[in-house]
Amino acid sequence: WSRIFNPTDQHGLPLLPDLLPLVITLNERRPAHSDFWISGIDNVNRHIEVTAIPLIDEANQFVGAMAFFWELTEPAK
């Protein structure tokens with residue numbers, strides 16, 4: 001995912017994978033949230049927010065993670 005969409009900070013500097021919410025959730029098994037910029041296949045730079053949550057089964061075992069993301073049309077607060 002991060003190789004296709006090239007996540008960057010507000011200055012256009014690449015973000016380390018360990019700073020991305022989905023990677024944090026997969027590594028630390030906790031929710032994570034952040035905003036950053038991506039440039040996709042269409043080369044359009046977009047400001048997005050991402051929230052990632054761990055997925056836990058009935059036996060209280062970590063089974064993965066899910067991320068929700070959306071484009072920001074106004075500056076983040």
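E71 comes out at 45% relative accessibility, which puts this residue in the partly exposed class. That is a handy place to start, since the side chain of E71 reaches R46 in a salt bridge, with 3.7 Å from N to O. E71 sits in strand 3 and R46 in strand 2, so the pair ties together parts that are 25 residues apart in sequence. All of this is read from a predicted model.

R46 has another partner as well. Its side chain meets that of D42 in a salt bridge, here at 3.1 Å from N to O. Taken together, D42, R46 and E71 are linked in a network of salt bridges. As for solvent, R46 is partly exposed at 26% relative accessibility, and D42 is partly exposed too, with a relative accessible area of 43%. In general terms, pairing of this kind is possible when the charged atoms of oppositely charged side chains come close.

The structure holds 3 salt bridges, and one of them joins E28 and R30, whose side chains meet at 2.6 Å from N to O. Neither end is tucked away: E28 counts as partly exposed at 47% relative accessibility, and R30 counts as partly exposed at 38%. Across the protein there are 5 positive and 10 negative side chains. The centres of those two sets lie 3 Å apart.

Now for the fold itself. The protein has 2 helices and 3 strands, and along the sequence they follow the pattern α-α-β-β-β. Strand 1 covers residues 32-39 and strand 2 covers residues 45-56; the two run antiparallel and are joined by 8 bridges. Within this pairing, W37 stands opposite H47 of strand 2. Strands 1 and 2 form a hairpin with 5 residues between them. In that turn, N43 has a positive phi of about 65 degrees.

Strand 2 also pairs with strand 3, which spans residues 62-71. This pairing is antiparallel again, with 9 bridges. One of the partnerships is that of I56 with F62 in strand 3. Strands 2 and 3 form a hairpin as well, with 5 residues between them, and N60 in the turn has a positive phi of about 65 degrees. As a general point on such strands, side chains alternate between the two faces of the sheet when the strand is regular.

Back to the salt bridges for a moment: the E71–R46 contact links strand 3 to strand 2, and these two strands are also joined by the 9 bridges of their antiparallel pairing.

On the whole-molecule level, the C-alpha trace spans about 45 × 25 × 20 Å along its principal axes. Of the 77 residues, 25% count as buried. The accessible surface comes to about 5600 Å², and carbon and sulfur atoms own 55% of that area. As for contacts, take those with a separation of 6 or more: residues 24 or more positions apart account for 35% of them.

Notes. Residues are numbered from 1 along each chain as its sequence is written. This is a predicted model: local features need pLDDT of at least 70, side-chain atom pairs count only at pLDDT 80 or more; totals for chains, interfaces and linings use all residues. Side-chain values use heavy atoms; hydrogens and water are left out. Two strands pair if DSSP finds at least two bridges between them. Helices (H or I, at least four residues) and strands (E, at least two) are DSSP runs, numbered from the N terminus. Buried means under 20% relative accessible area, exposed over 50%, partly exposed in between (1.4 Å probe, protein chains only). Contact means heavy atoms within 4.5 Å. Accessible areas come from the Shrake-Rupley method with a 1.4 Å probe; for residues, only the protein chains shown count as cover. Lys and Arg count as positive and Asp and Glu as negative; His and the chain ends are not counted. The place of a charge is taken as NZ of Lys, CZ of Arg, CG of Asp or CD of Glu. A salt bridge is a side-chain nitrogen of Lys or Arg within 4 Å of a carboxyl oxygen of Asp or Glu.
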